[in-house]
Amino acid sequence: MQESIRIEQIRIEFKKAFGIAPSFIARAPGRVNLIGEHTDYNGGFVLPVAIDRSILIAVAPVIGVRRFELVSLEYNDSVTFEPANLEPVVGKVPLWANYVQGVMWALAQKGLLDLNEPPGARLLIQGDVPRGAGLSSSAALEVASALAFLHLAGSSFEQVQMARACQKAENEYIGVKSGIMDQFISAMGEPDSALLIDTRSLDYRTIPLGLEELGYKIVAVDSAVPRTLAGSAYNKRREECEEAAKILSKQLGLPNRSQLRDISLSDFNEQAETLPETLRMRVRHVITEDARTLEAIERMQAGFTNPANLRRFGELLNASHTSLSDDYEVSCAELDLLVDLAHAVPGVIGARMTGAGFGGCTVNIVAANSLPDFEEKVVQEYRQRTGLNAQSHICKAVRGGEIV
Ligand code: GLA
């Protein structure tokens with residue numbers, strides 16, 4: 001549904017829930033990552049796109065009380081809390097409201113928000129980022145919450161600082177040791193573009209996609225595989241990378257706090273045999289993925305009007321999937337099936353899993369005139385073979401979080 005209509009609806013729902021009109025609405029998008037997967041917590045490069053699926057939060061201050069009333073339309077649930085009582089939920093299954101609370105906690109920890117300062121507020125949340133599908137619905141909720149709280153307090157801040165606070169909420173309040181990619185792109189995304197983010201320095205570049213004008217679409221396909229193991233397996237991968245970085249940097253005489261980003265492919269090849277098999281596979285993925293991401297940027301910048309560049313871009317996406325599946329072991333049979341089915345459709349330039357994996361979505365670059373074929377041979381065929389209700393989402397690249 002069009003965002004302008006959703007905004008009208010949330011105003012109406014707010015009035016129904018609280019009897020007053022909201023003062024403002026914060027919006028933050030979900031994302032797909034085109035390439036650069038599981039590199040962000042290794043200091044590497046990522047190439048995500050903010051998509052036209054978002055979380056909206058309508059807000060009205062409550063003067064004189066330091067209490068927050070949250071209503072979620074998606075969850076049909078409400079929660080009231082006081083900032084003084086916020087406690088991280090690490091180790092527990094997080095509830096939707098914990099993401100909102102975690103952001104308030106993290107903003108305070110980072111000195112961006114004073115929890116003793118009134119006002120309180122009423123907040124009504126509505127989202128159309130598919131939940132648990134690996135399109136960063138939680139980062140979108142975090143960024144929208146941060147915008148809401150900071151705007152409410154009249155604080156001035158930089159978007160990057162806000163994204164880091166949201167990552168802190170995810171890492172330390174929720175307990176998933178994610179990198180910065182999702183919160184960064186949700187806060188900073190640019191229309192019709194991807195962002196190349198150097199996740200170490202947080203320098204970034206806007207890379208115009210150049211796909212729509214050539215008749216190509218970004219299509220996310222939700223495998224409908226529940227991502228229940230995602231949190232713990234994700235943290236495990238991160239630990240493996242940190243352990244491998246420690247071993248390799250010692251052997252190579254690099255500084256103590258080096259990350260896999262600092263290790264070249266040739267150094268890795270020389271030292272590979274000294275690593276246990278599992279770590280060797282993990283490192284091979286991370287190092288080759290960084291190289292693929294940088295080559296993908298070169299091809300984008302050289303221009304997709306030359307078909308050879310677009311073709312190579314697709315090959316890099318495909319190679320990323322193979323590496324994530326074989327070496328990083330974060331794919332699953334269903335994601336592999338979606339990717340295999342996509343490869344068989346003429347007009348598909350590239351296909352890979354996107355996000356953390358263990359279920360969630362694939363991202364596909366598809367010629368617009370092949371979309372009906374894609375729907376039939378990928379989405380419907382997958383449903384038939386697995387019994388799972390896959391859904392495709394054609395995505396447009398949009399601006400990151402803002403007050404609307
Ligand atoms: C999740 C995390 C990101 C990133 C991806 C994998 O989406 O939140 O920080 O690590 O997985 O690339």
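Buried here means under 20% relative accessible area, with exposed over 50% and partly exposed in between (1.4 Å probe, protein chains only). The model is predicted, so that local features need pLDDT of at least 70 and side-chain atom pairs count only at pLDDT 80 or more, whereas totals for chains, interfaces and linings use all residues. Residues are numbered from 1 along each chain as its sequence is written, and side-chain values use heavy atoms, with hydrogens and water left out.

**View 1. The buried residues of helix α1.** Helix α1, a DSSP run (H or I, at least four residues) numbered from the N terminus, comprises residues 3–18 and reaches 22 Å from its first C-alpha to its last. Its buried residues are R6, I7, I10, F14 and F18. Seen down the axis of α1, these buried residues fall within an arc of 100°, taken from the directions from the helix axis to the C-beta atoms, so they line one face of the helix.

**View 2. Polar contacts of the ligand.** A polar contact is a pair of N or O atoms within 3.5 Å; within protein, one must be able to donate a hydrogen and the other to accept it, and residues adjacent in sequence count only if both atoms are side-chain atoms. Polar side-chain atoms of D40 and D182 lie 2.5 Å and 2.6 Å, respectively, from an oxygen atom of the ligand, and a polar backbone atom of H38 is 2.6 Å from a ligand oxygen atom.

**View 3. C166 in helix α4.** C166 lies in helix α4, residues 159–174, and is buried, with a relative accessible area of 0%.

Terms used: Helix = DSSP H or I, 4+ residues; strand = E, 2+ residues; numbered from the N terminus. Expected span 1.5 Å × (residues − 1).
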